[in-house]
Amino acid sequence: MVVCRIMMNYSNFSMPYCIQASKPGDSSVLIKKEFVLEIPKANEIVIKNERIGINFIDIYIRKGIYPWPVESNNMNLVLGSEGAGVIEKIGSEVTKFKIGDRVAFLKTNGAYTSHRTIEQELVVHIPDFISFDKAAAVMLKGLTVKYLLNDSYKIKGHETVLFHASAGGVGLIAGQWLKSLGIKTIGTAGTDEKCSLAKQHGYEHVINYNKEDFQKVVMDLTNGEGVDVVFDSVGQTTMSGSFGCLKKHGTLISFGQSSGVYTDLKISDLQAGSFFLSRPTLFHFIPIPGWLDNATAILFKMIKENKMDIQYNNTYDLENLGQAHDEIENRRTTGSVILKV
Ligand code: NDP
């Protein structure tokens with residue numbers, strides 16, 4: 001009996017592991033590696049990940065569109081920017097958390113792992129009404145929508161808005177958030193099915209930009225006036241049309257480039273309508289003292305009040321990360337994509 005128990009324990013034991021890449025490239029660069037967990041530094045926490053969110057930024061970095069952020073000669077990089085799980089260890093100066101707490105974290109890179117060691121400032125508690133699946137599906141994307149609508153551009157309530165890629169992870173959350181603010185939002189998406197899904201998530205009109213000239217449709221829908229603000233995360237294929245959809249003094253918030261980097265911009269292009277342009281990133285808001293806790297509280301309140309249905313239709317095992325990246329990159333997903341550890 002004793003032998004049997006020991007063997008059972010042994011068979012259940014598995015080393016911490018991560019999925020890492022040793023160079024930029026396609027999804028085949030993503031390789032599983034076991035590692036030895038180090039003791040956390042004074043200000044650090046070790047989280048046993050339950051779920052990990054995939055974000056398009058992970059794909060930009062994997063492909064080399066964003067710089068490969070590895071300081072040493074060792075090129076190995078663990079991608080992934082968010083996850084949710086249970087605290088397993090804490091450093092000697094950690095005051096906000098204890099072992100066993102349910103938490104989520106946000107930080108560029110390092111998330112595609114069974115165990116994440118991270119500074120306490122980048123971690124938040126998850127309330128009981130939010131499952132690990134939901135936390136991994138909503139944290140980074142929901143906080144992105146929070147800063148886009150409140151901090152990067154301040155929605156006042158009277159605006160007309162165009163939001164591209166409206167059936168994606170960020171897009172479905174944005175449609176519902178904008179609707180809760182009373183905003184009439186036009187969305188775009190790449191198939192008719194995606195357009196219907198976006199319409200069920202707060203958008204008033206959704207244009208299939210693979211079939212129709214979205215700029216022309218937006219101008220028709222706004223009686224030739226254009227919209228007050230465009231949120232463009234698609235980049236290369238949409239940016240020029242996005243400028244063409246703006247009212248005089250309108251604002252273009254460029255926050256991604258899923259179709260490729262837009263390189264044709266000249267400052268003088270803004271003169272066409274005295275336009276405002278911003279290229280923000282969530283990771284410049286997170287370090288602002290108090291921002292993360294405040295923004296997370298607002299996001300969780302919206303979920304508690306059922307103002308948001310969080311879609312995570314695509315769940316993969318962490319070991320199948322490459323397949324998940326391929327599905328997102330090839331535009332075959334809607335809503336958020338999460339990994340099970
Ligand atoms: P999505 O789930 O929205 O996936 C990206 C979508 O972009 C696709 O589903 C697709 O929708 C659309 N797309 C258009 N052209 C292409 C193309 N050529 N190749 C691939 N996709 C294309 O991703 P996320 O929700 O993770 O992120 C949405 C965007 O927001 C990304 O660009 C991301 O980088 C950006 N982002 C920026 C942040 C910031 O702080 N700056 C933070 C978080 C996200 P369709 O088929 O309908 O066109």
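This briefing walks through the domains, cores, sheet pairing, salt bridges and backbone outliers of the structure above. The model is a predicted one. Its chain is divided into domain 1 (17-138 + 284-340) and domain 2 (157-279), and the largest nonpolar core draws at least three residues from each of them. Salt bridges number 17 in total, yet the count between the two domains is 0.

**Domains and their interface**

- Domain 1 is made of two segments, 17-138 and 284-340, while domain 2 covers 157-279.
- The C-alpha centres of domain 1 and domain 2 are 28 Å apart, and the contact takes 19 residues from domain 1 and 20 residues from domain 2.
- Together the two domains bury about 1,400 Å² between them, with 60% of that area on carbon and sulfur atoms.
- On the domain 1 side, Tyr-60, Arg-331 and Thr-334 are the ones to look at: they supply 29% of the area that domain 1 buries against domain 2, more than any other three residues.
- If you are searching for charged pairs across this interface, the count of salt bridges between domain 1 and domain 2 is 0.

**Nonpolar cores**

- As background, nonpolar side chains tend to be buried together in soluble globular proteins.
- Here the largest nonpolar core has 87 residues, and Tyr-112, Leu-143, Phe-231 and Leu-339 have the most contacts inside it.
- Helix H3 (residues 132-152) gives the most to this core, contributing 12 residues.
- Both domains take part in this core, with at least three residues each from domain 1 and domain 2.
- Leu-339 is a handy place to start a tour: leaving aside residues up to four places away in sequence, its contacts include Ile-52, Ile-54, Tyr-112, Tyr-316, Leu-318 and Leu-321.
- Charged residues also touch Leu-339, among them Glu-50, Arg-51 and Asp-317.
- A second, separate core has 18 residues, including Phe-214, Val-217, Val-230 and Phe-275.

**A three-stranded sheet**

- An open sheet is formed by 3 strands in the order E2-E1-E4, with antiparallel pairing.
- Strand E2 (31-34) and strand E4 (77-78) are the edge strands, each pairing on one side only.
- Strand E1 (residues 17-21) runs antiparallel to E4, and 2 bridges join them.
- For a landmark in that pairing, find Gln-20, whose bridge partner in E4 is Val-78.

**Salt bridges**

- Arg-62 and Glu-329 form a salt bridge in which the closest N and O atoms are 2.9 Å apart.
- This pair links distant parts of the chain, with Arg-62 in helix H2 (residues 56-63) and Glu-329 in helix H9, 267 residues apart.
- The two partners differ in exposure: Arg-62 is buried because its relative accessible area is 1%, whereas Glu-329 is partly exposed at 25%.
- Lys-63 joins in as well, as Arg-62, Lys-63 and Glu-329 are linked in a network of salt bridges.
- Asp-293 and Lys-96 form another salt bridge, with the closest N and O atoms 3.7 Å apart.
- That pair also links distant parts of the chain: Asp-293 sits in helix H8 (residues 291-304) and Lys-96 in the loop between strand E5 (82-90) and strand E6 (102-106), 197 residues apart.
- Asp-293 is partly exposed, with a relative accessible area of 43%, and Lys-96 is partly exposed at 36%.
- Lys-98 and Asp-101 bring their side chains together in a salt bridge at 2.9 Å, N to O.
- Lys-98 is exposed, with a relative accessible area of 52%, while Asp-101 counts as buried at 8%.

**Positive phi outside glycine**

- His-249 has a phi near 65°, a positive value in a residue other than glycine.
- His-249 lies in strand E13 (residues 246-254), and it counts as exposed because its relative accessibility is 54%.
- Arg-331 likewise has a positive phi of about 65° although it is not a glycine.
- Arg-331 is in the loop between helix H9 (321-329) and strand E16 (337-340), and its relative accessibility of 48% makes it partly exposed.
- Arg-331 is also worth revisiting at the interface, as one of the three residues that together supply 29% of the area domain 1 buries against domain 2.

Key: Residues are numbered from 1 along each chain as its sequence is written. This is a predicted model: local features need pLDDT of at least 70, side-chain atom pairs count only at pLDDT 80 or more; totals for chains, interfaces and linings use all residues. Side-chain values use heavy atoms; hydrogens and water are left out. A nonpolar core is a set of buried Ala, Val, Leu, Ile, Met, Phe, Trp, Tyr and Cys residues joined through side-chain atoms within 4.5 Å. Buried means under 20% relative accessible area, exposed over 50%, partly exposed in between (1.4 Å probe, protein chains only). Helices (H or I, at least four residues) and strands (E, at least two) are DSSP runs, numbered from the N terminus. Domain bounds come from an automatic or database domain assignment. Contact means heavy atoms within 4.5 Å. Two strands pair if DSSP finds at least two bridges between them. Buried area is the accessible area (1.4 Å probe) that two parts lose on being put together, summed over both. A salt bridge is a side-chain nitrogen of Lys or Arg within 4 Å of a carboxyl oxygen of Asp or Glu.
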